Amino acid sequence: MIDPAGATLVEAAGALVRGELSSEELTRDCLARAHRLNPALNCFLRIEDEAALAAARRADAARAAGRPLGVLHGVPLAVKDMFYDAARETSSGSAIRRGFVGTTTAATLERLKLAGAVVLGALNMTEFALGPTGHNPFYGACHNPWNPAHIAGGSSSGSGAAVAARIVYGALGSDTGGSIRLPAAANGILGLKPTYGRVPRSGAMPLSWSIDHVGPLARTAPDLARLLGVLAGHDPGDPTASRRPVPDYEAALGAGVAGLRLGIPGNFFLDDVEPAIAALVEDALAVLERAGARRVAVTVPAAEHLTELGRTVVYTEAAALHGHWLRTRPEDYSPQVRARVATGVAIPAAAYAEALQLRALLLREFCTEVFSACDVLVTPALAIEVPTLAATDVGGSASMWTTIARLLKCVAPFNYLGVPALSVPVGFAPGGLPAALQLIGRPFAEGRLLGVAAAYQRATDWHERRPPLG
Amino acid sequence: MTRARHEAQALDAAMVEALARLVGYPPLGAETAARIAAGASHAVAAVRAMATHSLFDAEPGQYLTELERLADPPP
């Protein structure tokens, strides 16, 4: 019999297959944790007991009838509150979309349900997915289960906190500037921003159609591999979704790292990493070296400009998406998010077009220079210790903007390039909050990144630690 | 005026308010407009820094093709 709060997604799915417990029992256990922990964490905007239990009962009935649904049969998950569902509200963390019900269901949410997942509810997020800390003036900030005075990261704040707190076995998030990887790093779990086009965006709230990525968060590499296998693949509703075949990500987990070249950037990414974080990154690299990997020095071309090139695109597309509301309902935004979505008004159209023209050229240059020297590029996911909510709140400390810039520094560049990037927890800083490594690969090399993460987790036990609120 | 100083002052709060009026936004307020001016200036500066050669033949739609082309062959 498994311990529901200690089991991984793959272990829980296996226990359900073996009939050690029912999906209804597992779902009730998760719901109880959700209700117990949410007052302290505020990771859920809505806990949907009745719908979750009904789905769990359907899963149990299907199994009893000999009709297994899929690889997530009966497993409790949750989704960031920006994936449209024709059957319920999707607020996008905003006042403007409070009560909004989509006309269709997001392709990714549909795929999770078709694979048998039980959705426990809607997870907290930054207003319209614009912000890296998890503050939300309309629904309240999400708190970190390792220390509720600290940020859970954003914008997929609830996704990170709910998985770390062992309320759900995995979650769905989105990443336009680090919004999956930052919450994963801050909460001590894994978060994958897949290659642009690998996972469809149809039915997900758009922030920037050129830069948005949808992806999973989970506690272990096998859990993440299973979720990615369900989520990835072509979708006729998303014109940018790749037709490339979806590999067996779970089969890639045992590849190991013998002979693998880990690229350590000599420019930009390691310039101002806090010493405690640098030490944990060094320890993690040593673990991978003992498993057979070796380090090589690489230079990342144009690294200092990639984030701002991405912002040129994001600001412009966000201003277009929000144009009507910026004209008619500006008071319904928080001042910070209103400023962010309105910034596109001051970006010349020619600069936006040039940023898009440069993208393929810079992607080619990046892949040629970096991946001729290494197989996987490695950076910290977070260059600093996870800050407090107070230090990153509006009107907080004088250094707030510097702190926020440092939160984004290592993750945002890879949204513009569109290459896959995976945040992997590598221990705890002196303050007790998690630290994380970021693995970056060639386009569509998610399997390789998951293989490295799996090798690291086989050699360490950080992913087995439980937070005080969990 | 030096070129650097000229570029740093290329966008200010008043210009942002004018652009906002042009597209029909209500007034942004001085603080928000100044923040937007700074954010947009940083973003556009990066484009200027990287657009060092002609992009006459660069088609943005090539990006998706390039992602597929730069991947390892499917297993």
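This briefing covers the sheet, a helix pair, the chain contact and two backbone details. The model is predicted. Chain A holds an open sheet of 11 strands with mixed pairing. Residues of chain A also touch chain B, 44 of them against 37 on the other side.

**Sheet of chain A**

- The strand order is β1-β3-β2-β6-β8-β7-β12-β13-β11-β9-β10.
- β1 (44-47) and β10 are the edge strands, and each pairs on one side only.
- From one strand to the next, the twist averages 30°.
- Helix α3 (residues 49-64) of chain A packs on this sheet. It touches β1, β2 (76-80) and β3 (118-123) of chain A. The direction of α3 makes about 160° with that of β3(A).
- In general, strands of a sheet pair through backbone hydrogen bonds, either parallel or antiparallel.

**Around strand β9(A)**

- Strands β9 (residues 261-265) and β10 (residues 294-298) of chain A run parallel and are joined by five bridges.
- A:I264 has A:A297 of β10(A) as its bridge partner.
- Between β9(A) and β10(A) the chain passes through helix α8 (residues 275-290) of chain A. This β-α-β crossover is right-handed.
- β9(A) also pairs with β11 (residues 376-380) of chain A, in the parallel sense, over two bridges.
- Here A:L262 is matched with its bridge partner A:V376 in β11(A).

**Helices α7(A) and α14(A)**

- The axes of α7 (residues 221-231) and α14 (residues 446-459), both of chain A, come within 9 Å. They cross at roughly 160°.
- Angles over 145 degrees count as roughly antiparallel, so α7(A) and α14(A) are roughly antiparallel to each other.
- The crossing of this pair is left-handed.
- From α7(A), the contact uses A:A221, A:P222, A:L224, A:A225 and A:L228.
- From α14(A), it uses A:E446, A:L450, A:A453, A:A454 and A:Q457.
- The contact residues divide into eight nonpolar, one polar and one charged.

**Contact between chains A and B**

- On the chain A side, 44 residues are in contact with 37 residues of chain B.
- The elements of chain A that give two or more residues to this side are α9 (303-328), α10 (335-342) and α11 (349-371).
- α11(A) gives the largest share, 12 residues.
- By class, the chain A side has 26 nonpolar, nine polar and nine charged residues.

**Backbone details**

- Most residues other than glycine have a negative phi, and most peptide bonds are trans. Two places in chain A deserve a look on these counts.
- The peptide bond joining A:G154 and A:S155 is cis, with omega about 10°. A:S155 lies in the loop between β5 (147-151) and α5 (157-164) of chain A.
- A:A302 has phi near 60°, a positive value in a residue other than glycine. A:A302 sits in the loop between β10 and α9 of chain A. That loop therefore runs between an edge strand of the sheet and a helix that gives two or more residues to the side touching chain B.

Terms used. Residues are numbered from 1 along each chain as its sequence is written. Chains are lettered from A and ligands numbered from 1 in the order in which they are written. This is a predicted model: local features need pLDDT of at least 70, side-chain atom pairs count only at pLDDT 80 or more; totals for chains, interfaces and linings use all residues. Axes are lines fitted to C-alpha atoms, for helices over the stretch in contact, and angles run from 0 to 180 degrees between N-to-C directions. Helices (H or I, at least four residues) and strands (E, at least two) are DSSP runs, numbered from the N terminus. Angles under 35 degrees count as roughly parallel, over 145 as roughly antiparallel, 65 to 115 as roughly perpendicular and the rest as oblique. A crossing is left-handed if the near helix is turned anticlockwise from the far one by less than a right angle, and right-handed if clockwise. Two residues are in contact if their C-beta atoms, placed from the backbone, lie within 7 Å. Ala, Val, Leu, Ile, Met, Phe, Trp, Tyr, Cys and Pro count as nonpolar, Asp, Glu, Lys and Arg as charged, and the others, Gly among them, as polar. Two strands pair if DSSP finds at least two bridges between them. A crossover is right-handed if, with the strands pointing away from the viewer, the path from the first strand over the helix to the second runs clockwise.
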